[in-house]
Amino acid sequence: MTEYGRGEGSEPWHPEDPLYGDGGWGGQQAQEGQQSPYGGQPQHYPEQPQQPQYGDWGNGRQAAYGQAQQHYQQQHQQQYGEQQYNQQQYNQQQYNQQYDQQQYGAQPQQQYDNGDWATGTHSHVQYAASDPYGQQGMAYGGQQPDHYGTPDAYPPPEPPSRRRAEPEPRTDWDPGPDQGEHAFFAGGGDDDDSDDEAGDGGGRGDRRGRGGKEKKRRSGCACLVVLLVLGGGVGGVGYFGYQYYQDRFAPAPDFAGEGTSQIVTVEIPKGATGAAIGRALKAAGVVKSVDAFVSAQSQNPEGNKIQAGAYLLKKQMSAESAVAMMLDPKSQNNVLVKPGERNISVYQAIDEQLELSSGTTKKVAEKQYDSLGLPSWADDNKEIKDPLEGFLYPGTYPAAKGMKPETVLKEMVAQAARKYDQFGVEAKAKALKLKSPLQVVTVASLVQAEGKTIEDYRKMAEVVYNRLDLANPETYGLLQFDSTFNYLKNESNIDISESEINNNKDPYNTYTQKGLPPGPIGNPGDVAMKATLDPTKDGWYYFVAVDGVSKTEFAKTHAEFQRLKDKFNESSGS
């Protein structure tokens, strides 16, 4: 590369020479009579409108350029074959145009003529033709720095007189002159932008000149915010502290006295806790707070005896008075269904509790029984006297003035359906060789009606199942229960003549009709139901209430039964 240097003679241009490389773009002036830093001769457009030919160069430079051209042609032909390096056919103007079109969008030649660079003549900066092989820089300028491979390559740098200082870089997150000051305390936002744009012309540089008043205003706002936050925190702590004290140590809010003259009915469901009762009373306006009622109930020795039901209470009572009134039977508006009780008796109790005319509830039951929630297997034959019989499950039910009879009946039927489902009567019917779940309930009603003690119920259930066997050698399928005859007569008589019984052909008369009655004859309770599902297996067929009241004796044969019957007749004096 040394034989293509820019200096005259055969010695290479030493890199330490001040004019080595592209001095023109480094800020030096292009002197007249000196070679262009890109390999061209200084040109004067008024005198030489066209580009000089290679033959016009003197002082041995033409020979040097010819050697360089021949060197590149040989190198190009050896490396690329078909392509020819025809750089001699293009003048300097064509090189500039081709370079501009390919690299810089066909920008025209640039001329700089001002007091800082020129000396009275135009220094024509010429760009060499595009060199795809990276060789031209060595041919025309020796080891010249490639300005077009740097970030300053495009656009070309301005002359020194036209250069302006670049603005100091600033980012959006730059806090400005107040280093470390948060934007919240320093203002910022739209106010800062408006100050910069509508100020005294200082622009963003005026940030450094803002006075102390602005900082004081911002600091004051920050202090106010901090005070508000701290004040709110102290207030919140105080409020919750007061609530904690009220909840833990202060007495619960409570009314004073026996209450007003206004009477309300409050219904307490089964299984309700003291807190649940307190919530119901508070919702009705009886007590002022749940905690007051719970405290009063726990302090009363009888407080845990409050049961489910409907209660007549006064509004705005003290919790202590409310507990005492709920323990008084006079305030309890309930209907109690006893185990074995018939529906006709339950209907009368509902009428009395709701203060309705006699027979009102019975009429509702007859007309609306199918809409009260009976199980699908209930009322399975037309001979049933009352479809609700056996489905008003024993228990205590709310019944206060103003309530409708169907409301009370629905609750009873719903309880029966839940209980029978728990006992699994549908599955037990098949195991006990009964035709339907309804027959299970019917057997339980017979057990409940004839049994006297808990010990009697399982034996009584076995008596029923043994007698239902049509092939048994004792009764041949006849139950012969007085309770069924009394049911159809709506009476409770243990002294029935045989002629009266034998002449009655009602389906419920088990003396003349084999098998079970069409339906239950009362409402069995839990004990009778359990005994029905788990009878004894001792072979019992007969029973006699020897004292007529509470004592029942059982027998396996008719002869044993006859002796028990004689014993009963002796005790009764008949």
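Me: With which residue does K385 form a salt bridge?
Reply: The structure is a predicted model, in which local features need pLDDT of at least 70 and side-chain atom pairs count only at pLDDT 80 or more, while totals for chains, interfaces and linings use all residues. Residues are numbered from 1 along each chain as its sequence is written, and side-chain values use heavy atoms, with hydrogens and water left out. A salt bridge is counted when a side-chain nitrogen of Lys or Arg lies within 4 Å of a carboxyl oxygen of Asp or Glu. For K385, the closest N and O atoms of the pair are 3.4 Å apart, and the partner is D506.

Me: How many residues apart are K385 and D506?
Reply: K385 lies in the loop between helix 11 (360-368) and strand 6, whereas D506 lies in the loop between helix 17 (498-502) and helix 18 (526-533). Helices (H or I, at least four residues) and strands (E, at least two) are DSSP runs, numbered from the N terminus. The pair therefore links distant parts of the chain, with a separation of 121 residues.

Me: Does D506 count as buried or exposed?
Reply: Buried means under 20% relative accessible area, exposed over 50%, and partly exposed in between, with a 1.4 Å probe and protein chains only. K385 has a relative accessible area of 43% and is partly exposed. D506 has 19% relative accessibility, so the residue counts as buried.

Me: How far apart are the N and O atoms in the salt bridge of K305 and E302?
Reply: Side chains of opposite charge can pair when their charged atoms come close. K305 is exposed, with a relative accessible area of 53%, whereas E302, at 34% relative accessibility, counts as partly exposed. The two side chains meet in a salt bridge with an N to O distance of 2.6 Å.

Me: Which residue forms a salt bridge with R418?
Reply: R418 counts as partly exposed at 41% relative accessibility, and the partner is likewise partly exposed, with a relative accessible area of 36%. The closest N and O atoms of this pair are 3.7 Å apart, and the residue that meets R418 is E411.

Me: How many residues are in the largest nonpolar core?
Reply: A nonpolar core is a set of buried Ala, Val, Leu, Ile, Met, Phe, Trp, Tyr and Cys residues joined through side-chain atoms within 4.5 Å. In the largest core, the residues with the most contacts inside it are I350, L409, M412, Y420 and L434. The number of residues in this core is 59.

Me: How many residues does the second, separate core have?
Reply: Among the members of this second core are I268, F293, A296 and A319. The core is separate from the largest one, and its residues number 18.

Me: What is the strand order of the open sheet?
Reply: Two strands pair if DSSP finds at least two bridges between them. The sheet has four strands with antiparallel pairing, and the strand order is 3-4-5-6.

Me: Which strands are the edge strands?
Reply: An edge strand of this sheet pairs on one side only. The two that do so are strand 3 (263-268) and strand 6 (395-398).

Me: Which residue stands opposite L336 in strand 6?
Reply: Strand 5 (residues 332-337) and strand 6 pair in the antiparallel sense over four bridges. Along this pairing N334 stands opposite P398, and opposite L336 stands T396.

Me: What angle does the direction of helix 9 make with that of strand 4?
Reply: Helix 9 (residues 319-327) packs on the sheet, touching strand 3, strand 4 (309-314) and strand 5, where contact means heavy atoms within 4.5 Å. Axes are lines fitted to C-alpha atoms, for helices over the stretch in contact, and angles run from 0 to 180 degrees between N-to-C directions. For helix 9 and strand 4 the angle is about 135 degrees.

Me: Within what arc do the buried residues of helix 10 fall?
Reply: In helix 10 (residues 343-353), N343, V346, Y347, I350 and D351 are buried. Seen down the helix axis, these buried residues line one face of helix 10 because they fall within a limited arc, taken from the directions from the helix axis to the C-beta atoms. They pack against strand 5, helix 11 and helix 12. The arc is 140 degrees.
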